[in-house]
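This report goes through one protein chain, from its overall build to its local backbone features and then to its internal spaces. Please keep the sequence and the model at hand while reading.

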Amino acid sequence: MRLALALGRRNLGRTWPNPSVGAVVVAQGRVVGQAVTAPGGRPHAEPLALAMAGAAARGATLYVTLEPCSHHGHTPPCTDATVAAGVSRVVTAIEDLDPRVAGRGHAQLRAAGITVETGLLREEAARDHRGHFTRMKRGRPSLHLKLARTRDGFAAPATGERLKITGEIADGAVHLWRAHADAIMVGIGTARADDPSLTVRLPGLAERSPVRIVLDSTLRLNPASHLVRGARDLPTLVLTGRGAPAHARRMLASFGVEVAAVPTDGQGRIDLPAALAALAERGLTRICSEGGPALADALAAHDLIDACTLITGPAVLGEAGGLPAVGPNLARRLADGTLAEIEARPLGPDTMLTYERI
């Protein structure tokens, strides 16, 4: 099962709207087949692993990180392939929350005379499949918030100038998170101030750059920005208000940027719950938010954060102060246990704290 989980993690961020599942076929103590859900979400892992195993699958055990699907979609049910292969035992890590499955996969396998066991490494599987489960349960993608701060707690100087806080090792970790996300999201403030590219810049992983999303209620995104100029190469989506200027929509569209209207709140800002629901309808399951403290605190106010990573660098702003990285709403979520600390470790000269929804 640990091998199956490791396989599933390989394609995180590449299989949406489907989960990235790992499957391993074991016969007489030997691995005879293994696979992960293919990019784009199909073929699924189970039929790929069973095909690799061939005749050796008969009487074997299939280990899979998620309950096999039991419904007809773009491909036949994985339960049918499992029964046809002659597998005698199936071990799954966790049940699927998709209402089209939700126990039916296990039931169909048992009805075919296959021994079914579930719950092996359930907690690890739940973390790996968090995006899929959040979309099924909450109607939105899971959201991983990343924030960098100085040792005295600031995200930027009071002057507003850009500040390099984290080092090379931490930057590499951020790019790996990007590679495992369906999309990276920032607010218009970060897009204008930092002019980010929001790409994966790790050797050999450039093709893993995810969808780039900007929350921009009035379409102030600069047409000369990296995001706009790179929109024909990487999917770039701007979520805006329904009253945004038509000429700005046309201009962004001419560069290959997709613009979609979502509701706004009473202050003219993007309605964050509605925005995430719209992203879920598009099939997105895993969002990495790399916006600034304002967006982070707004997400916390709506209880939309499922994992939070705070990276603290060695720099100190001192008496000059600056913009606090952690706002009051996020501080409350971290203090009241909504987001519980699960890990603290160094990243070179920086320190990383990771929190998860309980």
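## Surface and overall build

The protein chain has an accessible surface of about 15,700 Å², and 53% of this area belongs to carbon and sulfur atoms. The model is a predicted one, and the values in this report should be read with that in mind. Of the 358 residues in the protein chain, 52% are buried. The secondary structure of the chain consists of 13 helices and 16 strands.

The C-alpha trace of the protein chain spans about 70 × 45 × 40 Å along its principal axes. A compact globule of 358 residues would have a radius of gyration near 21 Å, and the 22 Å found for the protein chain agrees with this. Among the contacts in the protein chain with a separation of 6 or more, 72% are between residues 24 or more positions apart.

## Backbone features in loops

Two cis peptide bonds and two positive phi angles deserve a look, and the table sets out their values.

| Feature | Residue or residues | Angle |
|---|---|---|
| Cis peptide bond | Trp16 and Pro17 | omega about 10° |
| Cis peptide bond | Arg42 to Pro43 | omega near 5° |
| Positive phi, not a glycine | Asp195 | phi about 45° |
| Positive phi, not a glycine | Asp303 | phi near 55° |

Pro17 is placed in the loop between helix H1 (2–10) and strand E1 (22–27), while Pro43 lies in the loop between strand E2 (30–36) and helix H2 (45–53). Asp195 is found in the loop that runs between helix H8 (188–194) and strand E9 (211–215), and Asp195 is partly exposed, with a relative accessible area of 27%. Asp303, for its part, sits in the loop between helix H12 (293–301) and E13, and with a relative accessible area of 26% Asp303 is likewise partly exposed.

## The second largest pocket

Which residues lie nearest the centre of the second largest pocket? They are Arg127, His144, Trp177, Arg286 and Glu356, out of the 26 residues that line this pocket. Both helices and strands take part in the lining, since the elements that give two or more residues to the second largest pocket are helix H5 (122–128), strand E6 (142–149), helix H7 (168–179), strand E12 (286–289), strand E13 (307–312), strand E15 (339–347) and strand E16 (350–357). The space in the second largest pocket is about 770 Å³, and its lining residues divide into eleven nonpolar, five polar and ten charged.

## Cavities

The count of cavities of 30 Å³ or more comes to two. The largest cavity holds about 80 Å³ of space, and of the 15 residues that line it, Leu12, Pro19, Ser20, Thr285 and Arg286 are the closest to its centre. The lining of the largest cavity divides into three nonpolar, eight polar and four charged residues. Arg286 is thus named both among the residues nearest the centre of the second largest pocket and among those closest to the centre of the largest cavity.

The second largest cavity has a volume of about 40 Å³, and the residues lining the second largest cavity are Leu5, Gly8, Arg9, Ser20, Thr65, Asp128 and His129. H1 gives the most to this lining, with three residues. By type, the lining of the second largest cavity divides into one nonpolar, four polar and two charged residues. Ser20 appears in the lining of the second largest cavity and also among the residues closest to the centre of the largest cavity.

Notes. Residues are numbered from 1 along each chain as its sequence is written. This is a predicted model: local features need pLDDT of at least 70, side-chain atom pairs count only at pLDDT 80 or more; totals for chains, interfaces and linings use all residues. Side-chain values use heavy atoms; hydrogens and water are left out. On a 1 Å grid over the protein atoms alone, a cavity is a set of points where a 1.4 Å probe fits but cannot get out, and a pocket is an open set with protein on both sides within 12 Å along at least five of seven lines; lining residues have an atom within 4 Å of a point. Grid points are joined across faces, edges and corners, and a volume is the space filled by probe spheres set on the points. Helices (H or I, at least four residues) and strands (E, at least two) are DSSP runs, numbered from the N terminus. Ala, Val, Leu, Ile, Met, Phe, Trp, Tyr, Cys and Pro count as nonpolar, Asp, Glu, Lys and Arg as charged, and the others, Gly among them, as polar. The radius of gyration is taken over C-alpha atoms; the globule rule is 2.2 Å times the number of residues to the power 0.38. Buried means under 20% relative accessible area, exposed over 50%, partly exposed in between (1.4 Å probe, protein chains only). Contact means heavy atoms within 4.5 Å. Accessible areas come from the Shrake-Rupley method with a 1.4 Å probe; for residues, only the protein chains shown count as cover.
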